[in-house]
Structures are given as C-alpha cells and as structure tokens.
Amino acid sequence: MNTPVPSARVDSWLWAVRIYKTRSMATTACRAGHVRVGGERVKASHPVKIGDEIRVREGGFDRIVEVARIVVKRVGAPVAAECLVDRTPPPPPREEVALVPMRDRGAGRPTKRERRDLEKLRGRDAVAYDPED
C-alpha cells in the first residue's frame, strides 16, 4: 500500500530527486541561503508540497523547479524526472556572458599599460589622481 506523502523536508526532496548528490550538500545549500521556496529563503526542514516552486542557486544561475510529486527516498533518474517540472530558462548565449580577463600563471604583476587596458576592457575608466584631495 503506497500512500502518498503530503509533504517532505526540502533538503530531503532535493536529494531524492537528484538535484544534490548528497543530503548534507542539500542541507548546506539551504543553510547558505541558496534554496528558496516561493521566493523565500528556507531552512532545510521547511516542508514542500506539490505545486511549490523551488529556486536553487547553482553556478551563479538559478535553477527553477516545480514539485510534481513528493518523494522522500532517493529514486532513479527516470522517476526523479517525473517528480519535478523544470522551469529553468535557457542560459544566455556565450556572447552575452562577460569574459573575465585572465593572466597567465607566473606572468607577474601587470604593467601600467596592461592595467589600463584591463580597466578599459572592464568598462572602468581610470580615476584621475588629484593631490588636493
């Protein structure tokens, strides 16, 4: 007799549907404020129910999932896919993501010219030095 569970802990559910590899990783993410249910930061013990929207911060972007089914035990990937509805928007194209200038390891400090070029690339103009200030 499989009776449906009305709610589950958010950390347990995130682990069961394979968003996090371990339950302790899901708990740590909740503690750090990377998990939101309905727009609110939640503790690991917060109950989730069917229809809740969960936002998980991963790699600088939000992954948005909706709870379609409650599970408390870890399930296989095909079953886990049925337990959530992924509403994450597609990532921005690579052209729109700003490139971070990187220096070769061991290249030393940038010269004055290289520093000015980096500042120009980042969109920051050099601050004029005023000895009166």
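A salt bridge is counted here where a side-chain nitrogen of Lys or Arg comes within 4 Å of a carboxyl oxygen of Asp or Glu. By that criterion the side chains of Asp52 and Lys49 form such a pair, with an N to O separation of 3.9 Å. The model in which this pair appears is predicted, and the paragraphs that follow lead from its sheet to its charged side chains and then to its cysteines.

The sheet is open and is built from 5 strands, arranged in the order β3-β2-β5-β6-β7, with antiparallel pairing. Because β3 (40-41) and β7 (84-86) each have a single partner strand, they stand at the edges, and one side of each is left without a neighbour in the sheet. As a general matter, strands of a sheet pair through backbone hydrogen bonds, in either a parallel or an antiparallel arrangement.

Starting from the β3 edge, strand β2, which covers residues 35-37, is joined to β3 by 2 bridges in the antiparallel sense, and Val37 stands opposite Glu40 of β3. Strand β2 also pairs with β5 (residues 53-58), again antiparallel, over 3 bridges, and here Val35 is found opposite Val56 of β5. The next step across the sheet leads from β5 to β6, which run antiparallel and are joined by 6 bridges; in this pairing the bridge partner of Arg55 is Ile64 in β6. The hairpin of β5 and β6 has 2 residues between the strands, and Gly59 in this hairpin takes a positive phi near 60 degrees. In general, the side chains of a regular strand alternate between the two faces of the sheet.

What links the charged side chains of Glu53, Arg55, Arg57 and Asp62? These four residues belong to a network of salt bridges. Within the network, Asp62 forms a salt bridge with Arg57, the closest N and O atoms lying 3.1 Å apart, and the side chains of Asp62 and Arg57 are also joined by a polar contact of 3.1 Å. Asp62 is part of strand β6, which spans residues 61-67. Both members of the pair count as partly exposed, Asp62 with a relative accessibility of 29% and Arg57 with a relative accessibility of 40%.

The surroundings of Asp62 can be followed a little further. Leaving aside residues up to four places away in sequence, Asp62 touches Arg55, Val56, Arg57 and Thr88. The C-alpha atoms of Asp62 and Pro89 are 8.9 Å apart in space, although 27 residues separate Asp62 and Pro89 in sequence.

Across the whole structure the search finds 9 salt bridges, among them the pair of Asp52 and Lys49 with which this account began. Of these two residues, Asp52 counts as buried at 13% relative accessibility, whereas Lys49 counts as partly exposed at 48%. A further salt bridge is formed by Arg69 and Glu82, whose closest N and O atoms are 3.7 Å apart. Arg69 lies in the loop between β6 and α3 (77-82) while Glu82 lies in helix α3, so the pair ties together parts that are 13 residues apart in sequence. Arg69 is partly exposed at 36% relative accessibility, and Glu82 is exposed, with a relative accessible area of 52%.

Is the acidic residue Asp11 buried or exposed? Asp11 is buried, with a relative accessible area of 1%, and belongs to helix α1, which covers residues 10-16. The side chain of Asp11 makes a polar contact of 3.1 Å with the side chain of Arg9. When residues up to four places away in sequence are not counted, Asp11 touches Arg23, Ala26, Thr27 and Ala44.

The cysteines remain to be considered. Cys30 is buried, with a relative accessible area of 5%, and Cys83 also counts as buried, at 0% relative accessibility. How many disulfides does a search of the whole structure find? The search finds 0 disulfides. In general terms, a disulfide is a covalent bond between the sulfur atoms of two cysteines, and the cut-off applied in the search is a pair of cysteine sulfur atoms within 2.5 Å.

Notes
Residues are numbered from 1 along each chain as its sequence is written. This is a predicted model: local features need pLDDT of at least 70, side-chain atom pairs count only at pLDDT 80 or more; totals for chains, interfaces and linings use all residues. Side-chain values use heavy atoms; hydrogens and water are left out. Two strands pair if DSSP finds at least two bridges between them. Helices (H or I, at least four residues) and strands (E, at least two) are DSSP runs, numbered from the N terminus. Buried means under 20% relative accessible area, exposed over 50%, partly exposed in between (1.4 Å probe, protein chains only). Contact means heavy atoms within 4.5 Å. A polar contact is a pair of N or O atoms within 3.5 Å; within protein, one must be able to donate a hydrogen and the other to accept it, and residues adjacent in sequence count only if both atoms are side-chain atoms.
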